[in-house]
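Please examine the structure shown below and follow the account of its surface and its charged side chains.

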Amino acid sequence: MPDSDYDEAMEIWIIALIFIIAAFGILAMLGYVKNETDRLQLKHFLATAEYKREMDELEKAHAAKVESDRVVIGELSSKVEQLEDDNGKLQSTVDKLRLDVATEAPSDTLIAS
C-alpha cells in the first residue's frame, strides 16, 4: 500500500511537472510572438518612413519639373510672340513690295494674266 501512495504522489508530481513545462512553453511562445510583433511593427514603421521620404522626394522633383516646364513654356511663348511680330513685319513688307511692283509695272501684270 505504501507503494501506491508513492505512485500516486509521483503521478501528481509528474503531472505538475508537465503542467509547469507546458506553462513555460506557453510563456516562451508568448514571448516569441511579442518579439515578432515588435519586430514587424518596427519593420512596418521603417517601411512607412521610407515611403514617406520617397514621396517627399518625388513631390519635390515633380515641383521642380513643373517649375522648369513653366520657365520653358514662358520662353517658348515669348519666342512665338517674337515670331508673330516678325511674321507681321515680313507680311507688311511683302504687301508693300507687291504694291510697289504693281504700281511700277501695271502693263506687265496685264500681259501675264
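Asp-38 is partly exposed in this predicted model, its relative accessible area being 36%. Its side chain takes part in a salt bridge with Lys-34, in which the closest N and O atoms are 3.2 Å apart. Lys-34 counts as exposed, at 52% relative accessibility. The two residues are 4 residues apart in helix α1, so about one helical turn separates Lys-34 from Asp-38.

This pair belongs to a wider set, for the whole structure holds 6 salt bridges. Another of them links Glu-57 with Arg-53, and here the closest N and O atoms are 2.4 Å apart. Both residues lie in helix α1, 4 residues apart, which is about one turn of the helix. Glu-57 is partly exposed at 43% relative accessibility, and Arg-53 is likewise partly exposed at 37%.

Further along the chain, Arg-70 and Glu-67 meet in a salt bridge of 4.0 Å, N to O. They are 3 residues apart in helix α1, about one turn of the helix. Arg-70 is exposed, with a relative accessible area of 56%, whereas Glu-67 is partly exposed at 44%. Salt bridges with shared partners also join Glu-50, Arg-53 and Glu-57 into one network.

Helix α1 covers residues 2-104 and includes Ile-14. Ile-14 is partly exposed at 45% and belongs to a nonpolar surface patch with Tyr-6, Met-10, Trp-13 and Ile-18, which together have about 590 Å² of accessible area.

Taken as a whole, the protein chain has 2 helices and 0 strands. Of its 113 residues, 1% are buried. Its accessible surface comes to about 10,400 Å², and 67% of this belongs to carbon and sulfur atoms.

How values were computed: Residues are numbered from 1 along each chain as its sequence is written. This is a predicted model: local features need pLDDT of at least 70, side-chain atom pairs count only at pLDDT 80 or more; totals for chains, interfaces and linings use all residues. Side-chain values use heavy atoms; hydrogens and water are left out. Patches are made of residues with over 30% relative accessible area and no salt bridge: like charges are joined within 9 Å, nonpolar side chains (Val, Leu, Ile, Met, Phe, Trp, Tyr) within 5 Å. Accessible areas come from the Shrake-Rupley method with a 1.4 Å probe; for residues, only the protein chains shown count as cover. Buried means under 20% relative accessible area, exposed over 50%, partly exposed in between (1.4 Å probe, protein chains only).
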